[in-house]
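Dear colleague,

Please find the structure below, handed over for your consideration. A summary of what was found in it follows.

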Amino acid sequence: MAETSDTRTPAQIEADIKRRREVLAETLDEIGVRVHPKTIVGDAKAKVVSNIDHTLGRAYVEVNRAVSEVRAQFVDQDGAPRLERVVPVALVAVGLVGLLALGTRRRKG
């Protein structure tokens, strides 16, 4: 192995060593912050919140899509109700309410 000659002065070598020590001290400080229990807990909480936000966002999109699909079944392009679909659903709803009312009336008597 060939030896390389160092043409730096002792003052330059000392400055390089000082700079390296400062960089290492900074790196150790960063590591200390990263492995601190509060930092680890904070990062874990942030990740959970992010996952929850992401899941809620996807759920919101799915619900919005479902509502739009249902709305499209009962409303035409102009926004007017489609009576051929609204009337049967309304009749079924009225029938169910009537059955429930009769059912509770019979229990009381």
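**Salt bridges and the helices that carry them**

E62 and R65 both belong to helix α2 (residues 37-74), where they stand 3 residues apart, about one turn of the helix. Helices here are DSSP runs of H or I with at least four residues, strands are runs of E with at least two, and both are numbered from the N terminus. Salt bridges that share partners join R8, D16 and R19 into one network. A salt bridge is counted when a side-chain nitrogen of Lys or Arg lies within 4 Å of a carboxyl oxygen of Asp or Glu.

Before the details, two remarks on the basis of these values are in order. The model is predicted, so local features need pLDDT of at least 70 and side-chain atom pairs count only at pLDDT 80 or more, while totals for chains, interfaces and linings use all residues. Residues are numbered from 1 along each chain as its sequence is written, and side-chain values use heavy atoms, with hydrogens and water left out.

The structure holds 4 salt bridges. One of them links E62 with R65, with the closest N and O atoms 2.8 Å apart. Both partners are partly exposed, E62 at 46% relative accessibility and R65 at 42%. In these terms, buried means under 20% relative accessible area, exposed means over 50%, and partly exposed lies in between (1.4 Å probe, protein chains only).

Within the network, D16 is bridged to R8, and the closest N and O atoms of that pair are 2.2 Å apart. D16 also meets the side chain of R19 in a salt bridge of 2.1 Å, N to O. R19 and D16 both lie in helix α1, 3 residues apart, which is about one turn of the helix. As for exposure, R8 counts as partly exposed because its relative accessibility is 36%. D16 is partly exposed at 22%, and R19 is partly exposed at 48%.

**Overall form of the chain**

The secondary structure comes to 3 helices and 0 strands, and along the sequence the pattern reads α-α-α. What is the radius of gyration of the chain, beside that of a compact globule of 109 residues? The chain has 36 Å, whereas such a globule would have a value near 13 Å. This radius is taken over C-alpha atoms, and the globule rule is 2.2 Å times the number of residues to the power 0.38. Along its principal axes, the C-alpha trace spans about 105 × 45 × 25 Å.

Two residue pairs give further distances, C-alpha to C-alpha. A11 and V48 are 37 residues apart in sequence and 51 Å apart in space. E84 and L102 are 18 residues apart in sequence and 28 Å apart in space. A11 is placed in helix α1 and is exposed at 52% relative accessibility. E84 is found in helix α3 and is exposed at 58%.

**Surface**

Buried residues make up 0% of the 109 residues in the chain. The accessible surface comes to about 10300 Å², and 62% of it belongs to carbon and sulfur atoms. Accessible areas come from the Shrake-Rupley method with a 1.4 Å probe, and for residues only the protein chains shown count as cover.

L28, I31, V35 and I40 make a nonpolar surface patch of about 380 Å². Patches are made of residues with over 30% relative accessible area and no salt bridge; like charges are joined within 9 Å, and nonpolar side chains (Val, Leu, Ile, Met, Phe, Trp, Tyr) within 5 Å. Of the residues in the patch, L28 lies in helix α1 (residues 10-34) and is exposed, with a relative accessible area of 57%.

**Confidence**

The chain averages a pLDDT of 89, and 93% of the residues score at least 70. pLDDT is the predictor's confidence in each residue, from 0 to 100. Among the elements of the chain, α1 has the highest mean pLDDT (95) and helix α3 (residues 83-108) the lowest (87). Where pLDDT is low, the predicted coordinates should not be read in detail.

Yours faithfully
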